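This briefing covers how the protein chains meet the DNA, how the strands of the sheet are arranged, and how one chain is divided into domains.

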Number of protein chains: 2
Amino acid sequence: MSDLLERLRERGWRLTAQRRVVAEVLDGDHVHLTADEVHARAARRLPEISRATVYNTLRELVHRGEVLEVSTDGRAKRYDPNAHRPHHHLLCSRCGSMRDVRPTGDLLADLPPSQSFGFTVSEVEVTYRGVCPDCAG
Amino acid sequence: MSDLLERLRERGWRLTAQRRVVAEVLDGDHVHLTADEVHARAARRLPEISRATVYNTLRELVHRGEVLEVSTDGRAKRYDPNAHRPHHHLLCSRCGSMRDVRPTGDLLADLPPSQSFGFTVSEVEVTYRGVCPDCAG
DNA sequence: CCTTGCTTTAGATCCTGTCCAAGGTAGGGT
DNA sequence: ACCCTACCTTGGACAGGATCTAAAGCAAGG
């Protein structure tokens, strides 16, 4: 994730302690934190960081394609740093926890042109829902 | 949709003017209204109907499997009366409008067991994103 | 090291949706 | 036909998530 910050700096992003901490928090596999969770973890390293900055930074990272924003049925959005390898999500309908998954098959191709209704279709998102091991039983 | 009301009444649902109006509003193909839109349209026929009742009724209908609740990226949820024929959605990333689509292929089967992470997977939802004819250009 | 313009901040504000207590009413029972 | 009562509806308060604002702060090029 440090490469990320360098890359963004070269594209004119000002490098601040806050942005560094947010980027550090968003590191790893199967990381799907809500904005508030990001804020809480960032605040452990930088106690004065504000919620607004976390939201701003996340919005920027999403906008620049470095982080994926995943909506989860009315709950708080989650942020996924694994934006460069395409994947989908498996969502626990009880607790809202998520895992990254990679289904087989070409999903975009599964939509026949007759079903496009004149849209320029550019993206598919698949959400599998179920109950996670922790919530089962 | 009148069958719907009869069916529900037989299952012990009390039939009120408000519920009738909400059911009437939610009729047709490619209908994906937000709760507030449902309320606005219902109020044209029944001016005193309250937002709370619309939310309650929608929640009930979803719970009984008669209406589908579709989340759309942090915007207001939309309600889809076409719950009995399985289908997916094509969402305009500009204006949020939707169409029903029926992709080919068995999407649940596309998730290999190795990717289940111990979840009991029961549902797949596919969202195609693109730009609708009205927003293009 | 100074200046400029981008960033951060706290708090107000917005939007969606839920909760509450009080009054209203569908429809089974008589 | 009319009561009763449990279920419904209502408006307003409330809660959570996210955005906006104006003022103060600070990165980094000159």
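A polar contact is taken here as a pair of N or O atoms within 3.5 Å. The model is predicted. By that cut-off, a backbone N or O atom of A:L15 is in polar contact with DNA strand D, at 3.2 Å from a phosphate oxygen. The points below take the two DNA strands in turn, then the sheet, then the domains of chain A.

**DNA strand D**

- There are 16 residues around DNA strand D, and those that come nearest are A:K77, B:T16, B:Q18, B:S50 and B:T53.
- Two of these residues also place a backbone atom by the phosphates: a polar backbone atom of A:K77 is 2.9 Å from a phosphate oxygen of DNA strand D, and a backbone N or O atom of B:S50 lies 2.9 Å from a phosphate oxygen of this strand.
- Two or more residues of the surface near DNA strand D are given by each of these elements: α4 (51-63) of chain A, and α2 (17-25) and α4 (51-63) of chain B.
- By residue class, that surface holds six nonpolar, four polar and six charged residues.
- On the DNA side, 75% of the atoms of strand D within 4 Å of the protein belong to sugar or phosphate, and the rest belong to bases.

**DNA strand C**

- DNA strand C has 16 residues around it, of which A:R14, A:T16, A:Q18, A:S50 and A:T53 come nearest.
- Sugar and phosphate make up 73% of the atoms of DNA strand C that come within 4 Å of the protein.
- A:T16 reaches the backbone of the DNA through its side chain, with a polar atom 2.5 Å from a phosphate oxygen of DNA strand C.
- A:E48 uses a backbone N or O atom instead, which lies 3.1 Å from a phosphate oxygen of DNA strand C.
- Chain B takes part as well: an N or O atom in the side chain of B:Y55 is 3.2 Å from a phosphate oxygen of DNA strand C.
- The elements giving two or more residues to the surface near DNA strand C are α2 (17-25) and α4 of chain A, together with α4 of chain B.
- The residues of this surface comprise six nonpolar, four polar and six charged.

**The sheet**

- Six strands make an open sheet with mixed pairing, in the order β5(A)-β4(A)-β6(A)-β6(B)-β4(B)-β5(B).
- Its edge strands, each paired on one side only, are β5 (98-101) of chain A and β5 (98-101) of chain B.
- With direction ignored, neighbouring strands of the sheet are turned by 25 degrees against each other on average.
- Strand β4 (residues 88-92) of chain A runs antiparallel to β5(A), and four bridges join them; A:H89 has A:D100 of β5(A) as its bridge partner.
- β4(A) is also joined by four bridges to strand β6 (residues 120-131) of chain A, in parallel, and A:L91 stands opposite A:R129 in β6(A).
- Between the chains, 11 bridges join β6(A) to strand β6 (residues 120-131) of chain B, and these strands run antiparallel.
- In that pairing A:V126 stands opposite B:V126.

**Domains of chain A**

- Chain A is divided into domain 1 (2-80) and domain 2 (88-130).
- The C-alpha centres of domain 1 and domain 2 of chain A lie 24 Å apart.
- Eight residues from domain 1 of chain A and 11 residues from domain 2 of chain A take part in the contact.

Note on methods: Residues are numbered from 1 along each chain as its sequence is written. Chains are lettered from A and ligands numbered from 1 in the order in which they are written. This is a predicted model: local features need pLDDT of at least 70, side-chain atom pairs count only at pLDDT 80 or more; totals for chains, interfaces and linings use all residues. Side-chain values use heavy atoms; hydrogens and water are left out. A residue is near a molecule or strand if one of its heavy atoms lies within 4 Å of it. A polar contact is a pair of N or O atoms within 3.5 Å; within protein, one must be able to donate a hydrogen and the other to accept it, and residues adjacent in sequence count only if both atoms are side-chain atoms. Ala, Val, Leu, Ile, Met, Phe, Trp, Tyr, Cys and Pro count as nonpolar, Asp, Glu, Lys and Arg as charged, and the others, Gly among them, as polar. Two strands pair if DSSP finds at least two bridges between them. Axes are lines fitted to C-alpha atoms, for helices over the stretch in contact, and angles run from 0 to 180 degrees between N-to-C directions. Domain bounds come from an automatic or database domain assignment. Contact means heavy atoms within 4.5 Å.
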